[in-house]
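Please open the model in the viewer and keep the sequence at hand. The tour below proceeds by selection, one stop after another.

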Amino acid sequence: MLYKQNNELKLATSKVVYTKNGEQFEQIVGEEGQQWWLDFAEKWEHTSVIGFTDMVYTDEQLARFEEIKDLDVADGIANNYVMDGVIGEGLGMLALQKKNAELESLLADLTEAVLLGGM
Amino acid sequence: MSITLLPQKFYTNMNRIADALETTANNTAVVDFSGSPGSARLYAGDKNAGFLGFVPSSDFISGTDLATALSITDGTAQNSTTPWIKYIWKGKICFTPLKTLRYSITWNTIYNAGAVFASGDEGTLPPMGRIGTDLSIDATDNSINTSTQNFLGDKSVGMDYADAVGTAGDTLVLKGWSNSANNGSFTIDSITNTKIVLTGGTLVTEAGGKTSRLYKSTNAVTQNATVTIGDLTYNVRLFRGASNNPTDSYADSDKGSIGVDNEWNAIILPLHEHAKLQNWIYPDCAGTTEGWGVYLTDKDLVTQKSYGSGSYTLCQDVQDVTSWKRVNRGRNGASCLAAYYSWGAASDVGFRPVLELPQTATL
């Protein structure tokens, strides 16, 4: 999951599990940081922090994050792309670049095959 | 490297300009006598609607500290250190963040924190309530009726995302009816999507007015959230995003936006770059605004969805056509006015609170 801090896209590194008025919730820890949750629970009796869990990302998700982290796209669009590979509004150029790279690779293979006479 | 010496006249003129600017600034009216952070003088506008400048969050409060004070964990924190816009609205000094402080947060969450109306009572309409002229009371079966307000909404598309008013046995509060016998607490005997039969009192036949309303008693929360910063205590509320609450004629082209009580139009729009040429994306909703020469952009304010989450600022106002929706401003530019379900937590929905001091200027 992504969040923005000082206009910079970041990958959330942990989730908080907490109870509020007896009901259990799970939420990513964003720019507020883990300490905020601990301070919050100390101030408000109705809330208890059960613990924090690390977020685990696949290599593909990490690679997609690297691709888009410096692009100026809406957080939701960026999140959908990193987590699920969904190419949304504003990521059209990225899709074209990828297609172009695929075509270049295909062309290189084809050229090689032609030059080597199909060997 | 060479140094160019300009004629003495140049330096004399620059000093005169600087002196003139300083004099102008010092001649604007002092409107804030509270000692709150930032300028006490009007930069633009007047005591009814005016701009006093920006205040860094380090001199005021951060978004995360405010969330702690309000006991809000729902949604996702963002822009915690964004500057605050200091302004005056109907004689009260107010502060609102330049960008929204949380997203994926519901209107209901903010209501339950007592931070929507700053009214000291339950406000215009608690969550899951219904209001307006489509309601009517029928004395023959002691019922309240509707044709469009979906009393038994299940938040599905088929129900236009309406929520449910309540279930049999719940206590229902009726307010804003002309006949006093129709105002008070009643018990739901039975409920369908178009009719609620009540016990606990005898109703009188009456057609609903604009503020005739009903809501489940346990959903009402006193709207009195405050936060203390330094020596001052501020009421916390949302913007008025329309001119009437509930909106008057949302189905019209201006969606009920135009009018003297629309705080968003009176404060945020004059700060926007489109105020100079009045080239609003939604001119019907913006009307004619002042221009205060500040030229904030939709990117500065995050009032356009492509600039980030929470671009849709939650406001107080209930939408009159479908009263489970609340007015939002932004998302497609600052002038945009739309409405969203009070229970909805889309990532576009943002929390941009107003922190308001009691009356601080004489109008």
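In what order do the eight strands of the open sheet in chain B stand? Select them and read across: the order is β7-β14-β10-β11-β12-β9-β8-β13, with antiparallel pairing. Strands here are DSSP runs of E with at least two residues, helices are runs of H or I with at least four residues, and both are numbered from the N terminus; two strands pair if DSSP finds at least two bridges between them. This is a predicted model, in which local features need pLDDT of at least 70 and side-chain atom pairs count only at pLDDT 80 or more, while totals for chains, interfaces and linings use all residues. Residues are numbered from 1 along each chain as its sequence is written, chains are lettered from A and ligands numbered from 1 in the order in which they are written, and side-chain values use heavy atoms, with hydrogens and water left out.

**The sheet of chain B**

Colour β7 (130-131) and β13 (206-207) of chain B next. Each stands at an edge with a single partner strand, so one side of each is left without a neighbour in the sheet. Then move to β10(B) and strand β11 (residues 184-191) of chain B, an antiparallel pair joined by four bridges. Within this pair, L172(B) stands opposite F186(B) of β11(B).

**Chain B as a whole**

Display the whole of chain B. The chain has six helices and 21 strands, and its C-alpha atoms fill a box of roughly 90 × 40 × 35 Å along the principal axes. Of its 363 residues, 54% are buried, where buried means under 20% relative accessible area, exposed over 50%, and partly exposed in between (1.4 Å probe, protein chains only). Among the contacts in chain B with a separation of 6 or more, 66% are between residues 24 or more positions apart; a contact means heavy atoms within 4.5 Å.

**Loops of chain B**

Which residue of the loop between β16 and α4 of chain B should be selected here? Choose S257(B), which lies in that loop and is buried, with a relative accessible area of 0%. Its side chain makes a polar contact with the side chain of N265(B) at 3.2 Å. A polar contact is a pair of N or O atoms within 3.5 Å; within protein, one must be able to donate a hydrogen and the other to accept it, and residues adjacent in sequence count only if both atoms are side-chain atoms. Leaving aside neighbours within four places in sequence, S257(B) also touches residues including A242(B), C285(B), R329(B) and L337(B).

Stay in this loop, between β16 (232-237) and α4 (263-271) of chain B, and centre on P246(B). The peptide bond from N245(B) to P246(B) is cis, with omega near 5°. Most residues other than glycine have a negative phi, and most peptide bonds are trans.

Two further stops concern phi. D160(B), in the loop between β9 (143-145) and β10 (171-175) of chain B, has a positive phi near 55° and is partly exposed, with a relative accessible area of 30%. Q278(B), in the loop between α4 and α5 (283-286) of chain B, has a positive phi of about 55° and is partly exposed at 26% relative accessibility.

**Chain A**

Turn to chain A and select β1(A) with strand β2 (residues 8-11), which run antiparallel and are joined by four bridges. The bridge partner of Y3(A) in β2(A) is K10(A). The two strands form a hairpin with two residues between them, and N6(A) in the turn has a positive phi of about 50°.

Next, pick D54(A) in strand β5 (residues 47-54) of chain A. D54(A) is exposed, at 65% relative accessibility. Its C-alpha atom is separated by 5.9 Å from that of T13(A), 41 residues apart along the chain.

**The interface**

Finally, show both chains. How many residues does each chain give to the contact? Chain A gives 19 residues and chain B gives 22 residues. The area buried between them is about 1600 Å², with 46% from carbon and sulfur atoms; buried area is the accessible area (1.4 Å probe) that two parts lose on being put together, summed over both. In chain A, E31(A), W36(A) and D75(A) lose the most area to chain B, together 30% of what that side buries. Across the interface there are 11 residue pairs in polar contact, both residues being at pLDDT 80 or more.
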